[in-house]
Amino acid sequence: MTYDVAQISELIKNRRSVFPKNYSGERVADEVITEMLENANWAPTHKMTEPWRFTIFCDEGIEVFANYQAERYLKSAGKNPDKEKIKKLKSKPLMCSHIISIGMKRNKSIPKMEEIAAVAAAVQNMHLTATAHGVGCYWSTGGVTYDKKANSFFDIGEKDLLMGFLYIGMPKQGKWPKGKRKAIDKKVRWIKK
């Protein structure tokens, strides 16, 4: 089996975070989202635990997500909630076509780091699939990501891990970010003897 390595390398090098403020408002086809999820399911997974768990919000579900985050923040903020934060929690999701919550189902027989890595690999598969379709994504760990009381809303258990949200939308014309990386030789050490 052979693949076009140059094309795969080009896809990897062009994967970028495209932020909601740069989305056009055009709806991403559900078939693209389904393909992203199917490809996520093929990420490497130790002992075949397949720890990734996703909840997809779209259409009116986006408002459900936005309102939930704002309500959770208000419950935890105390007497002086930040009005700008509430506004952002409610408005940023509305810029998206879809939002996917990223959860990790905890399996105690596997080191936690390996399960986290598996979920991250699944998200990379989704992000690469989106890039191949010209769809923008942004993995956010804001909002209710670290609020353990939010787990049940995203259909994961109390011992599971909410790892953030994949914001998805069609980029505005000309808004695909340019990439830059420092040379790999500054980050690698070879030992041959």
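In strand 4 (residues 161-169), Ile-168 is the bridge partner of Cys-137, and Phe-165 of strand 4 is the bridge partner of Ser-140. The model is a predicted one, in which local features need pLDDT of at least 70 and side-chain atom pairs count only at pLDDT 80 or more, whereas totals for chains, interfaces and linings use all residues. Residues are numbered from 1 along each chain as its sequence is written, and side-chain values use heavy atoms, with hydrogens and water left out.

Strand 3 and strand 4 pair in the antiparallel sense over five bridges, pairing being assigned if DSSP finds at least two bridges between two strands. Helices (H or I, at least four residues) and strands (E, at least two) are DSSP runs numbered from the N terminus. Four strands form an open sheet in the order 1-2-4-3, with antiparallel pairing. Strand 1 (52-58) and strand 3 stand at the edges, each with a single partner strand, so one side of each lacks a neighbour in the sheet. From one strand to the next, the twist averages 20°. Four of the five residues of strand 3 (residues 136-140) are nevertheless buried, so strand 3 is largely enclosed by the rest of the structure; buried denotes under 20% relative accessible area, exposed over 50% and partly exposed in between, with a 1.4 Å probe and protein chains only.

Helix 3 (residues 60-77) packs on the sheet, where it touches strand 1, strand 2 and strand 4, and its direction makes about 110° with that of strand 1. Helix 5 also packs on the sheet, touching strand 1, strand 2, strand 3 and strand 4, and its direction makes about 160° with that of strand 2. Such angles run from 0 to 180 degrees between N-to-C directions, the axes being lines fitted to C-alpha atoms, for helices over the stretch in contact.

The axes of helix 1 (residues 5-14) and helix 5 (residues 112-132) come within 9 Å and cross at roughly 105°. Leu-11, Ile-12 and Asn-14 in helix 1 meet Leu-128, Thr-131 and Ala-132 in helix 5, contact meaning heavy atoms within 4.5 Å.

Of the 23 residues in the largest nonpolar core, Val-28, Met-36, Met-126, Val-135, Leu-166 and Ile-168 touch the most other members. A nonpolar core is a set of buried Ala, Val, Leu, Ile, Met, Phe, Trp, Tyr and Cys residues joined through side-chain atoms within 4.5 Å. Helix 5 gives the most to this core, with seven residues.
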